[in-house]
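Good morning, and thank you for joining this session. I should like to take you through one protein chain, from its overall make-up to some individual residues. Please keep the sequence and the structure in view as I speak.

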Amino acid sequence: MIEILLGSLLAVVGFTETVDTKPVREGTVNLTYGLTPAGQLRESVVLEPMNQLQFRNVIRQAYDYSCGSAALTTLLDYYLGRNLEERQVMEGLLHYGEAEKIAERRGFSLLDMKRFVAALGYESGGFRAEFDDLEGLEHPAIVPIEYAGFKHFVVVRDVRDDHVFVADPALGNISFTRARFEAVWDQNVLFIVYPGDNPSINALALDERDMRLVDDRTTSLLAFREFPQLAKFSQNQAAELGSGGGIQYIRRK
């Protein structure tokens with residue numbers, strides 16, 4: 001009897017040493033496919049929750065009026081490697097920006113961003129550009145858009161196959177067709193913060209998970225369902241940036 005029990009224990013130990021018994025990764029699902037010439041095919045895949053994928057490397061705006069601070073925090077954290085919270089960036093924008101105008105318009109301008117990032121030690125610039133200039137950008141850029149009747153800020157991550165991939169503080173990672181982006185791009189303005197001598201981490205670079213194209217109907221549904229009141233900004237924000245010496249014009253070589 002003892003010999004049988006000992007033999008069973010040895011068999012269990014041998015089995016656990018032979019078979020990988022590491023904890024299963026969260027989100028793992030076992031799939032079984034139909035019969036193949038070799039029999040049933042089974043594999044394990046890891047599913048990432050949609051809400052995590054949607055806002056991966058995107059700072060979600062905390063308030064209706066804070067898309068500017070959230071977009072800038074996204075750029076600072078996931079491109080320049082800073083570890084800031086939106087609240088800290090909002091405080092910096094209020095301190096270095098034009099506080100009275102911020103309160104009046106209930107939102108931040110590109111000029112406010114320019115002054116704040118200068119205080120952090122970064123060079124930056126506002127530009128008027130064409131779509132072809134976006135395709136040649138070496139850095140992510142904050143751009144103002146007018147979407148569903150509201151002024152809003154997003155971060156342009158990259159352009160691929162006539163689609164503009166953006167990090168939207170209200171909707172997360174989405175994309176626009178070229179035609180749709182050109183229609184909502186406010187005054188063709190973009191704002192770039194340069195990494196300087198410090199290499200950027202660029203967690204905003206596209207990978208295979210981003211190669212999902214969202215059409216306008218889906219984007220509109222998300223906009224009205226998830227964030228029905230996008231932040232409003234004054235029509236003269238680009239003029240304010242220009243008065244601060246920030247706007248330049250990109251010339252194609």
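When I say helix, I mean a DSSP run of H or I that has at least four residues, numbered from the N terminus. With that in place, we can locate L53, which is found in helix α2, residues 50-54. The model in front of you is a predicted one.

Let me stay with L53 for a moment. Is L53 buried or exposed? Its relative accessibility is 12%, and L53 therefore counts as buried, the limit being under 20%. L53 also illustrates how the fold brings distant parts of the sequence together: G172 is 119 residues away along the chain, yet the two C-alpha atoms are 8.5 Å apart in space.

Now the chain in general. There are ten helices and nine strands. The chain has 253 residues, and 43% of them count as buried. Among contacts with a separation of 6 or more, 67% join residues that are 24 or more positions apart.

Before going further, a word on confidence. The average pLDDT of the chain is 78, and 63% of the residues score at least 70. Two stretches fall below 50. Residues 15-21 form one of these, with one contact beyond near neighbours in sequence. Residues 230-253 are also below 50, but this stretch has 66 contacts in the model beyond near neighbours. Where pLDDT is low, the predicted coordinates should not be read in detail. I would ask you to keep that caution in mind for the contacts of residues 230-253.

I turn next to the packing of two helices. Such a pair is described by the angle between the axes and the distance between them. Here the pair is α3, residues 67-78, and α6, residues 110-119; the angle is about 35° and the axes are 11 Å apart. The crossing is right-handed. Which residues make the contact? From α3 they are G68, L72 and L76, and from α6 they are M113, F116 and V117. By class, five of these residues are nonpolar, one is polar and none is charged.

Some of those names return in the interior. In soluble globular proteins, nonpolar side chains tend to be buried together. The largest nonpolar core in this model has 28 residues, and L72, L76, M113 and I142 have the most contacts inside it. At least two residues come from each of α3, α4, α6, β5 and β8. The element that gives the most is α3, with five residues.

I142 deserves a closer look. Apart from neighbours within four places in sequence, its contacts include L72 and L75, as well as M113, F153 and F191. A second core, separate from the one just described, has 22 residues, among them F127, V143, V166 and I192.

The helices of this packed pair also hold buried residues of other kinds. T74 lies in α3. With a relative accessible area of 1%, T74 is buried. Beyond four places in sequence, T74 touches N57, V58, I59, Y79, V155, A167 and L204. In α6 we find D112. What is the relative accessible area of D112? The value is 0%, so D112 is buried. Its contacts, again leaving aside neighbours within four places, are L93, G97, E98, I102 and R105.

For contrast, consider E91 in helix α4. E91 is partly exposed, with a relative accessible area of 45%. Its C-alpha atom is separated by 9.4 Å from that of S69, a residue 22 places away along the chain.

I shall finish with backbone geometry. Most residues other than glycine have a negative phi. N57, which T74 touches, has a positive phi of about 60° although it is not a glycine. N57 sits in the loop between α2 and α3, and at a relative accessible area of 21% it is partly exposed. D161 likewise has a positive phi, of about 50°, without being a glycine. D161 belongs to the loop between β5 and β6. Its relative accessible area is 74%, so D161 is exposed.

Thank you for your attention.

Definitions and conventions:
Residues numbered from 1 in each chain as written. Predicted model: local features only at pLDDT ≥ 70, side-chain atom pairs only at ≥ 80, totals over all residues. Heavy atoms only, no water. Axes fitted to C-alpha atoms, helices over the stretch in contact; angles between N-to-C directions. Left-handed = near helix turned anticlockwise from the far one by under 90°. Contact = heavy atoms within 4.5 Å. Nonpolar A, V, L, I, M, F, W, Y, C, P; charged D, E, K, R; others polar. Buried < 20%, exposed > 50% of the residue type's maximum accessible area, 1.4 Å probe, protein only. Core = buried A, V, L, I, M, F, W, Y, C linked by side-chain atoms within 4.5 Å. pLDDT = per-residue confidence, 0-100.
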